[in-house]
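Dear colleague,

I am passing on a structure for you to look through at your own pace. Please open it first, and then read the notes underneath.

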Amino acid sequence: MSYPHKSGCQKRKERVEREEKFLKSQKGQSTLTAFKFCAKEKPTQVTQNIETKNQILSNDSENKKNILINDNNVTNCLTKNLIYPVLTDSIEKNPAVEESDTVVVDYSGKPECLPEVNDNIICTEKQSNSQSLTNTYNYHYDIGTLTTNILQTQLIENIIRQGHQKMPTSFPRDRLNEPFPLSLLSKTLPNSEKVKRDWLVWSHIKNAFYCFPCRLFKISTLNCSYLSSPDGYSKDKIWRKLYERLPSHENNKDHIQCFVKWREVKTRIKNDSSIDKLVCKQIAHEAQKWRDILTRVLDTILFLGERGLALRGESHIVGEPNNGNFLGILELISHYDPILRQRLEEVKKSQQLHQRLQVHYLSAEIQNEFISLCADHVMSVILIERSSAKYYTIIVDATPDSAHVEQTTFILRYLHFDAKEKIYDIKERFLAFVDCNKKTGEAIADLIRETLKKYNILLTDCRGQGYDNGSNMKGEYNGAQSHILKDNPYAIYSPCAAHSLNLCGVDSAECCSLHGLSNTRWSARIDAVKPFLNNLPGLQNALEDVKQLNLTAESRRDIEVLFVINERNVVLQARNSTIDVEVINLESLIADLQLIRNNWNTILQEYSVIAGINNRFVVIKKLNDIFSFLWQFVAWSEERIQDTAANFVKKYDTDVSQELITEMIHLKHIYKENFTTNCSPYELLNEITSKNLDTLFPNVCVALRIFCTLPVSVASAERSFSVLARIKNFHRSCSSQSRVSGLGTLCLESGLARQLDFKEIIDCFASAKARKANL
């Protein structure tokens with residue numbers, strides 16, 4: 001029977017009809033190409049999967065496909081980073097997949113750099129008859145997904161590393177409805193032996209045959225065979241013509257060259273000796289070398305930064321004695337570190353020859369970048385802690401530095417919850433040094449708002465303000481605290497207890513008629529001598545009385561109380577001090593001073609410390625009375641507790657509810673059996689939390705957290721000034737503001753700086769220094 005040849009017009013018309021029919025059949029259906037999997041017939045799997053995965057399948061009205069993939073272990077290698085972007089660009093969007101196909105993914109034999117996934121990847125696809133089928137896939141590459149003729153070397157190696165799908169056991173019929181002759185899959189020799197055509201592969205997506213090596217390595221598109229074209233030799237053609245085309249193709253010179261290249265690349269991959277692999281190993285080795293060098297540089301900067309020591313010296317030359325602490329410590333480490341020694345020798349040689357190295361990472365600019373990166377990472381930890389705590393107090397103080405720049409320090413006080421220990425810890429964290437050349441209350445309030453906004457800290461969460469006793473800070477009408485109160489009425493001002501106590505001593509000293517000597521005006525010294533001469537007889541008599549006095553043990557203890565004033569001051573400056581501790585210490589101090597005054601009236605007749613304490617700590621006592629019901633309720637009646645708690649709810653209506661009153665009554669009933677007697681508010685909060693009663697008394701815990709957040713003193717701000725004096729002394733008076741603030745963060749928060757992840761910081765540094773765009 002002769003073959004009915006068709007004209008070109010008929011063939012084009014039939015092709016258009018087939019394409020239209022195919023598009024209609026695929027309209028509204030999801031395809032498998034979007035998931036980069038390939039089809040393979042396995043009809044026996046359908047029934048089993050439907051029975052075992054019945055809970056996963058759904059019969060929605062929408063035409064969707066859901067893939068559940070468990071990809072927990074991903075090996076970090078070159079294929080993970082490179083293969084997927086390239087393959088995605090080469091995959092066609094609407095491949096033909098028959099509805100009856102069951103697609104199986106077999107993960108056996110996959111390379112180590114591919115993701116580890118579950119053996120069964122479940123895919124559900126809505127069919128036209130609303131029946132959901134479960135399909136499994138084999139993660140081998142389908143050559144039909146490639147759409148370009150010329151491929152990149154890396155893509156070719158990745159495809160060969162994955163391997164192609166196995167040949168199916170049956171094939172679709174051709175356009176003449178004739179079956180595919182399976183004998184074409186092998187070549188028969190004259191001695192009747194058969195040689196498998198392993199270069200011949202089948203694409204489930206295109207339903208076509210391909211020559212695997214020619215499709216990968218074919219460069220010229222002239223006289224290109226169907227087997228090496230992007231469309232392949234599909235079922236739309238005639239299968240029996242392959243009897244002539246296959247022998248002709250495999251004996252072609254180009255096919256032989258491509259086949260040899262394919263085997264060579266496959267051998268290199270098997271032996272792990274491909275060119276790209278060797279290059280990647282070299283790059284990885286070089287990257288590790290620089291990571292080791294940067295780790296040592298970073299560790300040295302942190303060592304100097306947390307101690308407030310200078311990094312640079314008069315010289316930047318390696319090997320010179322006056323090149324500063326940074327280079328000096330690196331030189332010391334290099335005596336025992338061959339990696340650093342080799343690098344410093346290279347830098348030293350280039351400096352002697354006046355040759356510029358591409359990079360050496362020892363300059364002052366690199367130091368500033370590392371200081372900024374480390375400070376940013378420490379600051380991110382502080383801001384995360386503050387955000388989880390919600391409530392905070394802002395502590396602000398200012399002092400001039402060595403360059404006569406007014407440095408304003410910002411401290412955050414908040415409660416940090418330790419999930420492991422289940423306790424709250426009072427934290428006073430350094431935020432920043434900010435240059436402020438204006439000293440009015442309104443200007444300082446604006447600076448506070450700008451700084452909080454810079455770090456994305458909500459002013460509405462502020463529950464307290466801590467400043468010194470300067471009029472521009474504490475002023476009732478024009479002070480900084482009054483302007484902040486207008487924005488947030490819950491941000492209560494708490495005067496610094498240490499400053500108040502010191503001012504009481506200053507006031508009492510001013511009452512004395514003795515004066516100090518002037519260091520600048522010699523004429524003023526007569527004013528200092530006159531009071532001493534006028535009171536000399538009284539002073540002499542008082543000293544004689546002390547000398548001849550036979551003190552008892554009790555009287556000696558009374559005199560030693562004078563030293564307790566300094567001890568009280570130290571207690572009030574502690575970071576974890578609370579207002580109740582302040583009130584208790586002040587009351588005890590007043591009692592001790594009153595006793596001393598009664599016993600030593602001759603000497604202390606003009607003593608006014610007691611009056612000063614009573615006057616200056618009125619605000620603290622009122623503030624303590626607002627919260628005192630939270631820990632003094634044990635001795636109170638229920639009516640008094642209810643009245644005081646109701647007033648507190650009115651004042652903090654956005655933080656606690658009316659349930660606080662009921663919670664306080666319940667807490668009174670169970671207090672003696674479950675809590676320590678006479679515990680402080682801070683201890684009570686931790687006991688409630690450690691006993692897992694915080695869900696029973698949530699409003700009580702909120703009220704206690706607000707109270708513990710209120711500041712007692714600005715001692716932490718004063719400590720930051722001590723650090724400022726070291727990191728910006730007269731030798732380093734030209735340091736930039738960012739460097740000063742960064743070094744202050746590393747020094748004041750050295751505990752957090754020691755926990756930094758060097759790898760993460762180096763990665764951030766490398767990404768900022770990268771000069772090439774990501775592919």
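The notes below cover some strands and then the nonpolar cores.

This is a predicted model, in which local features need pLDDT of at least 70 and side-chain atom pairs count only at pLDDT 80 or more, while totals for chains, interfaces and linings use all residues. Residues are numbered from 1 along each chain as its sequence is written, and side-chain values use heavy atoms, with hydrogens and water left out.

Strand β7 covers residues 208–211 (strands, E, of at least two residues, and helices, H or I, of at least four, are DSSP runs numbered from the N terminus). Ala208 and Tyr210 lie on one side of β7 and Phe209 and Cys211 on the other, and all of them are buried (under 20% relative accessible area with a 1.4 Å probe, protein chains only). In a regular strand the side chains alternate between the two faces of the sheet.

Strand β7 pairs in the antiparallel sense with β6 (residues 200–203) over four bridges, where pairing requires that DSSP finds at least two bridges between the strands. Leu200 has Cys211 as its bridge partner, and the β6–β7 hairpin has four residues between its strands, with Asn207 in the turn showing a positive phi of about 55 degrees. Strand β7 is also joined to β8 (residues 233–234), again antiparallel, by two bridges, and Ala208 has Ser234 as its partner there.

The largest nonpolar core (buried Ala, Val, Leu, Ile, Met, Phe, Trp, Tyr and Cys residues joined through side-chain atoms within 4.5 Å) has 74 residues, and helix α11 (residues 364–389) gives the most to this core, with nine.

Best wishes

Technical notes. Buried < 20%, exposed > 50% of the residue type's maximum accessible area, 1.4 Å probe, protein only.
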